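Student: I have a protein model open and would like to understand the words used to describe it. Could we go through them one by one?

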Amino acid sequence: MEKLTFYALSAPEKLDRIGAYLSERLSRDVARHRYGYVCIAMEALDQLLMACHCQSINLFVESFLKMVRKLLESDKPNLQILGTNSFVKFANIEEDTASYHRSYDFFVSRFSEMCHSSYEDPDIRTKIRMAGIKGLQGVVRKTVNDELQANIWDPQHMDKIVPSLLFNLQSGERTESRSPSPLQASEKEKESPMELTERCFRELLGRAAYGNIKNAVTPVLMHLDNHSLWEGKSFAVRCFKIIMYSIQSQHSHLVIQQLLGHLDANSKNSATVRAGIVEVLLEAAAIAASGSVGPTVLEVFNTLLRQLRLSVDYELTGTYDGNTNIGTKIIKAHEERQLQEAVIRTIGSFANTLPTYQRSEVMLFIMGKIPVPGVHPALTSTGSGPEGTRMIQIMLLKSLVQVTAGFQTTNMLTALPSSFLEPLLSFSLTEDPEVRLLVLQILLSLIDRHDNRPKFANISISDISMLKLKVDKCSRQDNLFMKKHGQQLYRHIYLGCKEQSSGRQHYESLFALLGLLSVELANEEVVVDLIRLALALQDLALSTDEGLPVYTRCAVHALAAAYLNLICQLTTVPAFCQHIHEVIEVRQKNTPYLLPEDVFVDNPKLASSLEKVEGDVLFLQSKITEVLGGSGYNTERLATPYVPQYTDEDRLSKRKSIGETISLQVEVESRNSPEKEERTPAEEITFETLKNAIVDSVGMEEQERERRRQVVEKFQKAPFEEIAAHCGARASMLQSKLNQIFEITIRPPPSPSGTISSGYGQSQSRSVPIYEMKFPDLCVY
């Protein structure tokens, strides 16, 4: 062998003949079953290959590959493995010259076949499969960097390579779950097929360039579809984790786009399949965060929201086609529910990877998708009717809760533009308690910037120092935000307390909202307004006109008490605190049902009637105004009771009967001073004024008709000269106006002919109309 090697190295041009001879011998020996000679010939070829790294190796490789092919074609496992090992050694050689005429198609097909081997003996089967995987790895190494080679990324090759690898990954998982005791495992220190497959798969993906990602991922999706592997989730998630960690991070958004496309393609498939794809998206998004979610941020959310809507429709109509025919699949509501939960989680996960400015965009985008009955009727044209609309509202609001969770912003005005806040607040007036609760949660997430929210979780009369609140000074933007939207927020808190369908959670959220406003966004003015609001709530609970049930009235009393107890400690005015504490002590003795400890529990202890609530158990506006006035608060403002303003939203929320709407007092904001909240109520619109308006308008119409009739008559009956004179007068008037305008606008031309020098050398401009100017011939085209 040494002599042969020396000879080949000294006379490289002879390599070709050596290879041809060895190849011929090997073919003969394989045919005659002389396997010893086969091994010797292969060994010789291997050693020559390793030794001769010269230019002429190309000639030799042809016969070498022919022999490997011969071995792989035989049906003896040992020969197949021998051939594969030789091929792997060859694949690890770095060739310095490119080769034009090699084709690896046969090897791709044969190695993929070996990966799926189903030989009876499990040990030999494992060996054949491992050989197949190593062979594929060799082919990839050989071809991936060689421009002249058949492109390994073509779908025809990828559709063989990727499923072979996935098949082994999956079968490896199955055998691992039944794996022997750890002792035996440690004896077999060798690499298992699964680990080898994973390494090979990672290497393949790591080499994929931007344009090839799609070809590499498509077979994965096909494989998971064909073997229905989405449902179990774990294998699909594992595959995509390998993919996401192996590819270059700047390409990760391509994988996510493909997954979204696949989700759309499967939109008529069963809920478990769709849920599986969404789970995979969830994992992939978390990994992609480090790179990029790519240019199509809103496209991601659009697809997910579309899936939510479809799922809600399917759940309510019970079919995938909207019309029931035999043969449609039965839809299980609980599976659709799981899918909806998964989609909402994924939306949250995607949003958490985005920077603040993109999150704000996404919030606006989702808000635009929420159907508002009577406002976006186009969106409610789903086959599922009002119940569908309600479910979609709830699902989208739940998505918003996920998106806003942990949302930190320095500037409230940019994070919560009117286009987002107004529709959100209009939902807080709907009759559906679940929708109202979700709106409150979203508001709490957005306002809470120092994680104070958990500290207001339950309503109680407690010492504020126990809560360890983080309070920052209020910035200028926060003050502007409260100036702009404060009144809206107070109004919604007030109307939210009035709702009879509100339960304990609603009041707890309202308390947290009041608390967060006073910790996060309060300047003196806001504190005054919040105290007025709390006193207005107390009046609301006292009034009998609203016809509120006992529980609601007790809850509002308790809420006002808990909040005043909090705000008095925040303002640190001793006299104010004293008054509040005195009232609370009286309540604890005589009327415990007006305090949160008795109302917001599982079995609230309520009074049978609230007739005797008066005197010492009430917080007095006059007293509070007096004590706070001493500390420099605005007493005028404090003394005016808070009355919520009514706006268009109330009409949308279909609250009021027609009668109430007519006698509504229309309040007009005093435009000149937005600071002054003292609004002057406009004239009261009563039945009389409306009647007069109708009568007047009838009279006006009569006059208009009469005038038109006269004009027509004049043109029909007057002589021609009169009409001509009438029109001529108008025309000449128009002409004179135009002349005036031209006089003003036409400036003197920039030519010496236009300036007339007066005696003292000052130039005096004379206006020459543009149509009278003389241009030199050269200027005329």
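Tutor: Gladly! Let's begin with salt bridges: the term applies when a side-chain nitrogen of Lys or Arg is within 4 Å of a carboxyl oxygen of Asp or Glu. By this rule the count comes to 29 salt bridges. Keep in mind that this is a predicted model.

Student: What makes Asp432 and Arg390 a salt bridge?

Tutor: Their closest N and O atoms are 2.4 Å apart, and the cut-off is 4 Å, so the pair qualifies. The two partners come from distant parts of the chain, 42 residues apart: Asp432 is in the loop between helix H20 (418-427) and helix H21 (433-447), while Arg390 is in helix H18 (residues 385-404).

Student: Why is Asp432 called buried, and how do you class Arg390?

Tutor: Buried means under 20% relative accessible area. Asp432 has 15%, so it counts as buried. Arg390 has 29%, which falls between the 20% and 50% limits, so it counts as partly exposed.

Student: What can you say about Asp478 and Arg449?

Tutor: Their side chains meet in a salt bridge, at 2.9 Å from N to O. Asp478 belongs to helix H23 (residues 476-498) and Arg449 to the loop between H21 and helix H22 (464-467), so the bridge ties together parts that are 29 residues apart in sequence. Both Asp478 and Arg449 are buried.

Student: How do you know that Glu704 and Arg708 form a salt bridge?

Tutor: Set the value against the rule again: the closest N and O atoms are 3.7 Å apart, and the limit is 4 Å, so the pair counts. Glu704 and Arg708 both sit in helix H33 (residues 687-717), 4 residues apart, which is about one turn of the helix. At 33% relative accessibility Glu704 is partly exposed, whereas Arg708, at 56%, is exposed because the limit for that word is over 50%.

Student: Which residues are joined into one network by salt bridges that share partners?

Tutor: Glu387, Arg390, Asp432 and Glu434 are joined in that way.

Student: Let's turn to rings. Why is the pair of Tyr507 and Tyr551 called edge-to-face?

Tutor: Planes over 60 degrees apart count as edge-to-face. The planes of Tyr507 and Tyr551 are at 70°, with ring centres 6.5 Å apart, so the pair earns that name. Tyr507 is in helix H24 (residues 504-520) and Tyr551 in helix H26 (residues 550-571), 44 residues apart. A search of the whole structure finds 14 aromatic pairs.

Student: Are those two tyrosines buried or partly exposed?

Tutor: One of each! Tyr507 has 0% relative accessibility and counts as buried. Tyr551 has 22%, so it is past the 20% limit and counts as partly exposed.

Student: Which residues form an aromatic cluster?

Tutor: Phe64, Phe87, Phe90, Tyr104, Phe106, Phe107 and Phe111 form one. Phe107 also appears among the residues with the most contacts inside the largest nonpolar core, which has 212 residues.

Student: What does Ile531, another residue of that core, touch?

Tutor: Not counting residues up to four places away in sequence, Ile531 touches Leu564, Ile567, Phe576, Ile624, Leu628 and Leu638. In soluble globular proteins, nonpolar side chains tend to be buried together.

Student: What makes Thr303 a buried residue?

Tutor: Its relative accessible area is 2%, and buried means under 20%, so Thr303 is buried. Thr303 lies in helix H15 (residues 297-317) and touches Leu260 and Asp264, leaving out residues up to four places away in sequence.

Student: And why is Leu734 called exposed?

Tutor: Its relative accessible area is 54%, and exposed means over 50%, so the word fits Leu734. Leu734 is found in helix H34 (residues 720-745). Together with Leu738, Ile741 and Phe742, Leu734 forms a nonpolar patch on the surface, with about 370 Å² of accessible area together.

Student: How many residues does the whole protein have, and what share of them is buried?

Tutor: The protein has 781 residues, and 46% of them count as buried. There are 34 helices and 4 strands.

Notes
Residues are numbered from 1 along each chain as its sequence is written. This is a predicted model: local features need pLDDT of at least 70, side-chain atom pairs count only at pLDDT 80 or more; totals for chains, interfaces and linings use all residues. Side-chain values use heavy atoms; hydrogens and water are left out. Patches are made of residues with over 30% relative accessible area and no salt bridge: like charges are joined within 9 Å, nonpolar side chains (Val, Leu, Ile, Met, Phe, Trp, Tyr) within 5 Å. Accessible areas come from the Shrake-Rupley method with a 1.4 Å probe; for residues, only the protein chains shown count as cover. Helices (H or I, at least four residues) and strands (E, at least two) are DSSP runs, numbered from the N terminus. Buried means under 20% relative accessible area, exposed over 50%, partly exposed in between (1.4 Å probe, protein chains only). A nonpolar core is a set of buried Ala, Val, Leu, Ile, Met, Phe, Trp, Tyr and Cys residues joined through side-chain atoms within 4.5 Å. Contact means heavy atoms within 4.5 Å. Rings of Phe, Tyr and Trp (its six-membered ring) pair if their centres lie within 6.5 Å; planes under 30 degrees apart count as stacked, over 60 as edge-to-face and the rest as tilted.
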